[in-house]
Amino acid sequence: MPISSGVRLIRNDRLAQAVDYAYAAVADAPVRSIWVAGACPLDIDGKTVAVGDYAGQTHQVMRNLVTALEGAGASLADVAKTTVYVASSRQADLVSAWEVYREYMGEHDVPSTLLGVTVLGYYDQLVEVEAVAVIPD
């Protein structure tokens with residue numbers, strides 16, 4: 001996936017190199033900023049998909065994130081920061097969601113926060129991803 005001209009990912013050799021994300025992202029002005037609400041594992045009818053399946057829900061979340069970005073004239077390559085929420089206290093569940101998330105993000109390894117939470121907003125919801133994107137003005 002090509003990296004957007006609106007987002008420049010920053011690496012730092014004074015921080016751990018064993019991570020699969022950039023430590024920072026820079027958006028040089030002028031850019032148009034896009035804040036995307038948390039993408040949820042809902043189908044077009046508003047029903048939670050893949051109940052009980054962290055990876056399955058993450059696939060739907062990422063498809064919905066792509067659709068939301070497209071509606072604003074952006075793509076995953078324009079994302080500057082994400083937060084990945086997983087309703088679990090088990091690290092393995094977080095990793096399961098993260099691996100699917102990374103499939104969609106490809107080489108565009110933006111700064112991201114991955115965290116386990118107690119509960120998310122929809123019945124049977126296990127995963128949510130929010131994003132900030134920028135595109136050249």
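**Figure 1. Helix H2 in the predicted model, its length and its buried face**. Helix H2 contains 15 residues, and at 1.5 Å a residue it should span 21 Å. The C-alpha atoms at its two ends are 21 Å apart in this predicted model, so the helix agrees with expectation. The buried residues of H2 are Asp93, Leu94, Ala97, Trp98, Val100, Tyr101, Arg102 and Met105. These buried residues pack against helix H1 and against strands S4, S5 and S6. Gly106 follows H2 and has a positive phi, near 55°.

**Figure 2. The largest nonpolar core**. This core has 30 residues, and Leu65, Leu69, Val79 and Tyr101 have the most contacts inside it. At least two core residues come from each of the following elements: strand S3 (31–39), helix H1 (54–71), strand S4 (79–87), helix H2 (91–105) and strand S6 (127–136). Strand S6 supplies the largest share of the core, with six residues.

**Figure 3. The surroundings of Val79**. Val79 is among the residues with the most contacts inside the largest nonpolar core. When residues up to four places away in sequence are not counted, Val79 touches Val7, Leu69, Met105, His108, Val110, Ala131, Val132 and Ala133. Of these partners, Leu69 is likewise listed among the residues with the most contacts inside the core, and Met105 is one of the buried residues of H2.

**Figure 4. The salt bridge between Asp28 and Arg8**. Four salt bridges are found in a search of the whole structure. In the one shown here, the closest N and O atoms of Asp28 and Arg8 are 3.6 Å apart. Asp28 lies in the loop between strand S2 (24–26) and S3, whereas Arg8 lies in strand S1 (residues 8–10), so the pair ties together parts that are 20 residues apart in sequence. Asp28 counts as partly exposed, at 46% relative accessibility. Arg8 also counts as partly exposed, at 44%.

**Figure 5. The salt bridge between Asp20 and Arg102**. The closest N and O atoms of Asp20 and Arg102 are 3.7 Å apart. Because Asp20 lies in the loop between S1 and S2 and Arg102 lies in helix H2, this salt bridge ties together parts that are 82 residues apart in sequence. Asp20 is partly exposed, with a relative accessible area of 35%. Arg102, at 17% relative accessibility, counts as buried.

**Figure 6. The salt bridge between Asp93 and Arg90**. The side chains of these two residues meet at 2.9 Å, N to O. Asp93 is one of the buried residues of H2, and its relative accessibility is 9%. Side chains of opposite charge can pair when their charged atoms come close.

**Figure 7. Gln125 and its polar contacts**. Gln125 lies in the loop between strand S5 (112–117) and S6. With a relative accessible area of 5%, Gln125 is buried, because the cut-off is under 20%. Its side chain reaches the backbone nitrogen of Gly121 at 3.4 Å. A polar atom of the Gln125 side chain also lies 3.0 Å from the backbone nitrogen of Tyr122. Leaving aside neighbours within four places in sequence, Gln125 is in contact with Cys40, Pro41, Thr48, Gln57, Ala87 and Leu120. Among these contacts, Gln57 lies within the range of helix H1 (54–71) and Ala87 within that of strand S4 (79–87).

How values were computed. Residues are numbered from 1 along each chain as its sequence is written. This is a predicted model: local features need pLDDT of at least 70, side-chain atom pairs count only at pLDDT 80 or more; totals for chains, interfaces and linings use all residues. Side-chain values use heavy atoms; hydrogens and water are left out. A nonpolar core is a set of buried Ala, Val, Leu, Ile, Met, Phe, Trp, Tyr and Cys residues joined through side-chain atoms within 4.5 Å. Buried means under 20% relative accessible area, exposed over 50%, partly exposed in between (1.4 Å probe, protein chains only). Helices (H or I, at least four residues) and strands (E, at least two) are DSSP runs, numbered from the N terminus. Contact means heavy atoms within 4.5 Å. A polar contact is a pair of N or O atoms within 3.5 Å; within protein, one must be able to donate a hydrogen and the other to accept it, and residues adjacent in sequence count only if both atoms are side-chain atoms. The expected span of a helix is 1.5 Å times one less than its number of residues.
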